[in-house]
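Here is a short briefing to read alongside the model. Have the sequence and the 3D view open as you go.

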Amino acid sequence: MTATHASRFLDLETVARLARLRFGTRYAVEAAYPGRHASHRPGGSLEFADFRPYTPGEDLRKLDWKVMARLGRAYVRTYQEDTQLLCTIALDSSGSMAFPCHLGPGALSKLDYARYLAASLAYVIDRGGDQVGLAVLGDRLVDCLPPAAAPTQLQSFLRMLEETPRPDASPTRLRAGLLALLPLLPTRGVLVVVGDFLDDDLEGVFGALRLFRHRHFEVLLLHLVHPQEEHLPEGRCYRFQGLEGEGEIVGTPAEIAAAYERRFAGFLATVKTLAVATGCDYRRLSTATSTLRSLETLLVERSR
Amino acid sequence: MAVSFGNPLLAFAGIALAALPVVVHLLTRPKPVPLPFSALKFLTETSAARRHRSRLRDALVLGLRTLAVLALGLAVGQLRLAAGRPPGPDDRVDRVVVLDVSRSMNARSLGVAGIDRARALARSVLSGRTVRAGLIFAGTKARPVFDELSVNLGALSEELARARPLPEELDWRAALDAAVALLTGKKGADRRELVIVTDLQRTNWDRLDLSGVPADVEITFCSTAPPLPPRNLAIVAVSHDGHVERGRTLRLHVEVGNFSDLVQRPELEVRVGDRTYKARPELAPWSRRTEPVEVSLPDAGHVEGRATLVGAQDALPDDDARSFVVPVSPLPSIGIVTDQSATRVGTSTYFTYRALAPEAPLGGLDQGRSVIRVAPRDARKEVLEALDVVVLVRAGRLTDDLTRLAAGLVMRGQGLLYVLEEVEDADGLTRLTGELGQKVTLGLTFSPSRRGQKQAYQNLRVVDRRRRPFESLTEGLCTLLEQERFASRMDSLPGGPEPPAGVLARYTDGTVAVAIAETGAGRVGILNMAVASSTLPRSPLFVPFLGELVRALVPGAEAASHAAATGAELSVPLPRSVGGLAGLRALGPDGRPLPGLKIEETTTGVALRGRAASPGIHRVDRKGVTLLALAVECPPSECDLRTVPPGAPRSCPGADGRVRVRQATRVDAVADALDGGPSPAWKSGGPAGGPWATGELGRPAGEASTDLWRYLILASVLFVLAELGVLKLFGT
């Protein structure tokens, strides 16, 4: 890591611990530059892809002579082409990502957590020789840095993270952002969505993600959950104020906690179900766990 | 609904305290801490239902808590409710005061008679500027002072001052009927009130029913009863056994009652004619004891007497003495018409004669006495007409003349006993009843037994023990009689579709053994028994059995009672021998003619009718000869001075929550009131000088609701329990 990479989201200690991690993909990807990831395009790598009948005019070096001798018909061996990974990290920056903002400036909000996580993941991807981009989603596509092979890509990524605006009271509309992002990205990449998915239109969100999947994107959903979202804080009486302009509710946690937690657990289960149904890789990350540890766990599991 | 408080300060404090839960709730309501929250939409969905539930719970808990405190406060403040519209000072009130003037009102407690208390209480309600009142003196008969309500309260008060207890029992039905008639007679009143001033004597009021009083009439009982019932001793009743004949020993039953909680040994003195009998019975608390007194009555006529408790120190001296009359009949003259010799031992005639004349010397006739033997051929009219009862036993076949003669005797009112032994007797009875025609109501025929001359011994089964002769025999003698063995040669058959009348005893096979048929004049007795063949004549039981059977046939044996109740409507038939009305006088105990009693001719004869107002012996005489004596006394129900529970009038039928009971407690206050002082204090009617004291029969805090505090305490506890239940229900 050079000094140019210096960012509050990526310190040296973190960089040192990320050095041994790799980000892989479970699907074939496609990029302009060769890399270490399998591609659907036939190429010259050693990774066998399939047999196909020989077409006159083809390079005879690709003809499988043993099969021809055995079957009497000419077949060509095809091989996959190893290529670079084009990964786009979509960051949810809606109002709900500001939680918990009541604990003071030193407290880590979900958006901060997401930025730390995105920075680390971007570093791992970049260090693996792949291309990484950043999309900031709110009630629309706020900002976008498409994946690129430029040497300053990571630096641009980190700068953009730094410049991500603090969440306002805008409602979460991931669908709009994702649909806006879709034409900006090439096919067969990886889309990592980091957010809390507190969207009123979950079906719409996953409809948009299905479009990505249709374009052979591998979609990884990192669902951030704060512990106080899972279990309401203890206390006598609170005036719960919505972060996305929903108004406020007065209540005693002791009275509403059980029902709330049941509903929230149902929400988590719904998101997971929709994610699995859409063909997305889903990980729920608690903001109580350090970003580095969460990332390590994520990458180790994905590498198996 | 009128609301008042026994302790208004505490009540208002309690009501103010009811706001305390609301204030505490408002002060301790938690102040919510602002908390920006991301997943608010889940809270919104959750809390919408929760919030309603919480609000409902809070409202319920707060309401129940407030009610609990309010009920407690009202209980401490002694809330009292009274039904009806609160009175206004200018309300036009129709008020009827019923003053109990029964004899028990003369009972004294702590030196003050009940009637004195009652007058004071009644006077306190017979006043008011807008009151239209009526006054009724209630005894056996209700006596309204005026026939309609009057505003002349002064005249009513004067009549009230002259009120005295009467030697009568109280008939509350008559009193209520008269009060309702007064109250419904006039219209235009804002309120109608019935005030009953009484001692609430249990024997008078225990079956009170106010259903007949219109629903809008407010009813108030003013009780003059002292806290404890006064101690009283009384001659409750004087009675005697059966038919009394000259020369026979009379057994008087003097019933003495001890209506106190102490063992008493009063001195009982019974004076009969010129003789005096004394006893000192020991009486257990709250008990009655019948003291037997054996009296010898040498002469016939109306024997008068008086039972007295000498020196009894009790609350009601009026019932320490009781007069009585014993009608003493001369010995009946009996003729035995028979073919047999009366001196031949072992014959039916012999046994019959010995039973009817037990004093006759053995082996001979009791010549000159009242039982004679007459042979059928000697049975002439002039001989038989002088007899009271003719007994036909072994008389053989009756001639037509003798049959007509016997029927004529019965039609004249004489008695006839036919002993059925032989076939001729059954035939004779048939011809006799044929001669009597429709006048006899026997409904039986007798025929020779299916067994022929074979005698079968059977036992007797008494059918009607309430009539003579079995009524005069005791239960034990009847039982012994049923164990004797009887022989009979006649079977009884129904004489028509109607069931036989007058059957008193049957044999075990159902054959009629003893019957008495009424003819409207004399009576015909039938004894279906082979006398000489039965075991009964050899038993001592035969004498009283046959004696009572013959005396049941004596003319006038079932005469009317010679006792009556004071104040009650009388209708006493005079003896048939009286004849017409000429020269008859009805005299009171003091020997002077009584205006309330009349001698009238009725369909059955001459009768004494009317109301006897004063206790003592009343007489009907003609030219100085007493033809009827009647002991008139107050019913014994007035002797027991115990009262009904104070709450009884409030729970009787028809009370419907409009009845209040007030009790005068301070006897000295009553005495003061009698002397023109303040009106008596009330046990629960609030402080003296309240509406009652001024005569305004308004709506003071009433005794009717004094026990409301218990229900309020209970309600408070229930509210607290309900609050806990609500908290439990809502899972808090």
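The expected span of a helix is 1.5 Å times one less than its number of residues, and helices (H or I, at least four residues) and strands (E, at least two) are DSSP runs numbered from the N terminus. This is a predicted model, in which local features need pLDDT of at least 70 and side-chain atom pairs count only at pLDDT 80 or more, while totals for chains, interfaces and linings use all residues. Residues are numbered from 1 along each chain as its sequence is written, with chains lettered from A and ligands numbered from 1 in the order in which they are written.

**Helix 6 of chain A**
- The 13 residues of helix 6 (residues 202-214) of chain A should span 18 Å, and its end C-alpha atoms are indeed 18 Å apart.
- A:V205, A:F206, A:A208, A:L209 and A:F212 of this helix are buried (20 or more other C-beta atoms within 10 Å of a residue's own; 12 or fewer is exposed, in between is partly exposed, with C-beta atoms placed from the backbone).
- These buried residues lie on the same side of helix 6 of chain A because they cover an arc of only 150° around the axis, taken from the directions from the helix axis to the C-beta atoms.
- On the other side of helix 6 of chain A, A:E203 and A:H214 are exposed.

**Where the chains meet**
- In all, 27 residues of chain A are in contact with 19 residues of chain B (C-beta atoms, placed from the backbone, within 7 Å).
- Helix 8 of chain A gives the largest share of chain A's side, seven residues.

**Confidence**
- The predictor gives the complex an ipTM of 0.76 and a pTM of 0.51.

Methods:
Contact = placed C-beta atoms within 7 Å.
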